[in-house]
Amino acid sequence: MRRLSFVFVVLLAPASVFAQSVAAPAGADLQPTAPPVIKTFDLTAMDTTADPCADFYQYACGNWMKNNPIPSDQVRWVRSFSLLRERNRYLLWQELDAAAKDPKTSLQKQYGDFYASCMDTDTIEKRGIAPIETSWQMIAELKDAKGIPALLGDLENHGAPEGFFRFYVAQDEKDSSKQIAQLLQDGISLPDRDYYIVDNPHFAEIRSQYIEHIKRMFALAGDTTSQAAQEAAAVMEIETAMAKASMSRTDLREPANRYHIYALADLARLTPDYDWATYFHAIGIGRFDTLNVATPDFFKALNGLLVSTPLESWKSYLRWQVLHGQAEDLPKAFFDENFAFFDKTLTGQEVPLARWKQCSTMTDRALGEAVGQDWVKQNFPPAAKDSMDKLVVALEKALGDDIKTLPWMSDETKKAAEEKLAMIRNKIGYPEKWKDYSSVKVNRGQLIENLHHVAVFDRNYNLHKLGEPVDEKEWGMTPPTVNAYYSQSFNDINFPAGILQPPFFDANADPAVNFGGIGVVIGHEMTHGFDDKGAQFDGNGNLRQWQTDADLKAFRQRTECIADEYSGFQTAPAKGDAPAQNLNGHLTLGENSADNGGLRIAYAALLDTLAQDHKSIDDKIDGFTEAQRYFISFAQVWCQNQTDGWARQAALVDPHSA
Ligand SMILES: [Zn+2]
């Protein structure tokens, strides 16, 4: 639940499934064991009794799915992402464990101490809720709603989560060379606004269980039964009002919907009862005159709430944000209660991750570029970067050739598309310049304080970007991450060292297997520059129409076709009081476009590569042609099992359909 600045980038896979909760000494894999290197092109994963022309997924993945049920500490188990994440995390753990025991450098001392503070459950138990009492004391002293802006500033300066909204600095979507202040809706604790709004027995049941959960959490923290009931009712009322005022995820994807430049005077007119000057002063941001208010309706409604909601309700809401936002960092009773509702009830996860896994992930999230410096030395050979450079060039050429052949697009638009493609920059492996965390204080035995220091560091790092030139070398993912992203404002594609490993990439595999793995990933990220959202930005990362009107119209007809297709796919059948759940074709449109585009252009790049080497797509290795190996390799990246609960939640919150 750490709050990082919200910048719109598109990931290869959802971050949330794998960034699961922290703490509790239960769970699978209590003792760290080394996971093996994952096989590329795995014949044993296949179900060769299935007809590949009737059910290709079953053919490529059937045996794997049968033999790899979801581990009890997971909600989704993917042959590529999950297995590689487990492996990278283990390698990370080795580094953290050694640093905690015998640090050799000041960096190792810092991340070793951080990791140790997370592993020290005895101290966490002994301290109880003392580490959050400073925040609660600040809230207790609130005199009236007018004091909320100053209080939010104080909580942020302390590093505590406080809900409400997100304020951060990011590139201006219409002028990517400028970094401006931005305001965005936030403030709810359930995974999506639908959980508060949708009127059916399934969500009604979740809501009533959520209220019971809030009551139990407050009771654990010392409330009487009636106090807890009162506080839970207040939290639910405020969060429901915030949910109703929120823009849907699907609408939020549309850049025009979230671009509203306000002068400060206009912001004051939008929300006359929230004193922004006090808040901005409290958080110590530099001077500015205009900002982007991504979701004005939300802030207008928030202003109404500030006027109509009793002071005691606000206090309960803020107390909840602090307690809920750090539940995983508190003693076991709090962790377990949080896990029981947010993980077990909502997603079907049976047991929490083992402590060492949680603390490894937490340290990576907190001090990723500190730990990552040592991680890449051990785990990312320079040869991998050279191979990636070659693959990227092959994919760029294939996409360029593909654009040239489009029968419906005018020459004028093709030329503009090729210009944008040529301007895409590539970042591979890890940052050239690492973040300097030397100002972050880390103490053993003080997990929550350490997290607060990191939150303040991240917040200040972000706020200092105001008005500064854009740092094009900055990374949005840590080196061990098994994921990739495209940023429309940077117009760049980013591949952390963590994903440049088997089964995505294997220096010893034949080209068909690598093009079906990492090649499709590269193609996916490049296609994001031209999906329904990415295509609205030009090569400089500015929101600007560069297509002719007729081409844009023809493009939209085609993307609508993809949206319709995916809306027809069911992700979970009717079960108990839960109705059948379909994908949302518009929420997932960008990812589905990228998946389809990536698969198409990586195949074209493979054909080019084989032609250069005087090989044929029909050549066989181990009984399979190059073409067959390509598609099997691609399919095996996506062999997976997932819980019913996760499938339902993901359909509402995840822009990825797979
Ligand atoms: Zn993507």
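Let's start in the loop between β9 (492-496) and α20 (511-528), where Pro503 lies. What kind of peptide bond joins Pro502 and Pro503? A cis one, with omega at about 10°. Please keep in mind throughout that this is a predicted model. As a reminder, most peptide bonds are trans, and most residues other than glycine have a negative phi.

That second point brings me to a couple of backbone spots worth finding on your screens. Have a look at Asn491, in the loop between β8 (485-487) and β9. Phi of Asn491 is near 50°, so here we have a positive value in a residue other than glycine. Is Asn491 buried or exposed? Asn491 is buried, because its relative accessibility is 0%.

Now please go back towards the start of the chain, to the loop between β1 (9-11) and α1 (56-67), which is where Phe41 is found. Phe41 is not a glycine, yet its phi is positive, about 40°. With a relative accessibility of 11%, Phe41 counts as buried too.

While we are in that part of the sequence, let me move on to charges. Side chains of opposite charge can pair when their charged atoms come close. Lys39 and Asp42 form a salt bridge, and their closest N and O atoms are 3.6 Å apart. The two partners sit in unlike surroundings: Lys39 is partly exposed at 48% relative accessible area, whereas Asp42 is buried at 9%.

How many salt bridges are there in total? The count comes to 39. I'll pick out a few of them.

In helix α3 (residues 106-119), Lys109 and Asp113 are 4 residues apart, which means about one helical turn separates them. Their side chains meet in a salt bridge, at 2.5 Å from N to O. Lys109 is partly exposed, with 43% relative accessibility, while Asp113 is buried at 7%.

You'll find a related arrangement in helix α17 (residues 382-405). There, Lys397 and Asp401 are also 4 residues apart, so again about one helical turn lies between them. Their salt bridge has its closest N and O atoms 2.8 Å apart. Here both ends count as partly exposed: Lys397 has a relative accessibility of 43%, and Asp401 has 30%.

Not every salt bridge stands as a simple pair, though. Which residues are linked in a network of salt bridges? Asp73, Glu86, Arg89 and Lys357 are.

And then there is a charged residue without a partner. Asp172 is found in strand β3 (residues 165-172). Asp172 is buried but has no salt bridge. How far away is the nearest side chain of opposite charge? That side chain belongs to Lys178, and it is 6.0 Å away. The salt-bridge cut-off is 4 Å between a side-chain nitrogen and a carboxyl oxygen, so at 6.0 Å this pair does not qualify. What Asp172 does have is the backbone nitrogen of Lys174, 2.9 Å from a polar atom of the Asp172 side chain. Leaving aside residues up to four places away in sequence, Asp172 touches Lys178, Ile180, Gln182 and Tyr259.

For contrast, let me show you a residue without charge, Val322, in helix α14 (residues 311-325). Val322 is buried, with a relative accessibility of 0%. Its C-alpha atom is separated by 6.4 Å from that of Ala160, although the two residues are 162 apart along the chain. Around Val322, again not counting residues up to four places away in sequence, the residues touched are Ile132, Ser135, Trp136, Ile139 and Pro161.

Let me zoom out to finish. The protein has 24 helices and 14 strands. Its radius of gyration is 25 Å, close to the 26 Å that the globule rule gives for 658 residues, so the protein is as compact as a globular protein of that length. Taken along the principal axes, the C-alpha atoms fill a box of roughly 75 × 60 × 55 Å.

What share of the 658 residues is buried? Buried residues make up 59%. Looking at contacts between residues at least 6 apart in sequence, 76% join residues at least 24 apart, and the contact between Val322 and Pro161 is one you have already met. As for the surface, the protein exposes about 26700 Å², and carbon and sulfur atoms supply 53% of that.

Conventions
Residues numbered from 1 in each chain as written. Predicted model: local features only at pLDDT ≥ 70, side-chain atom pairs only at ≥ 80, totals over all residues. Heavy atoms only, no water. Buried < 20%, exposed > 50% of the residue type's maximum accessible area, 1.4 Å probe, protein only. Helix = DSSP H or I, 4+ residues; strand = E, 2+ residues; numbered from the N terminus. Lys, Arg positive; Asp, Glu negative; His and termini not counted. Polar contact = N/O pair within 3.5 Å; in protein donor to acceptor, adjacent residues only side chain to side chain. Contact = heavy atoms within 4.5 Å. Rg over C-alpha atoms; globule rule 2.2 N^0.38 Å. Areas by Shrake-Rupley, 256 points an atom, 1.4 Å probe, with all protein chains shown as cover.
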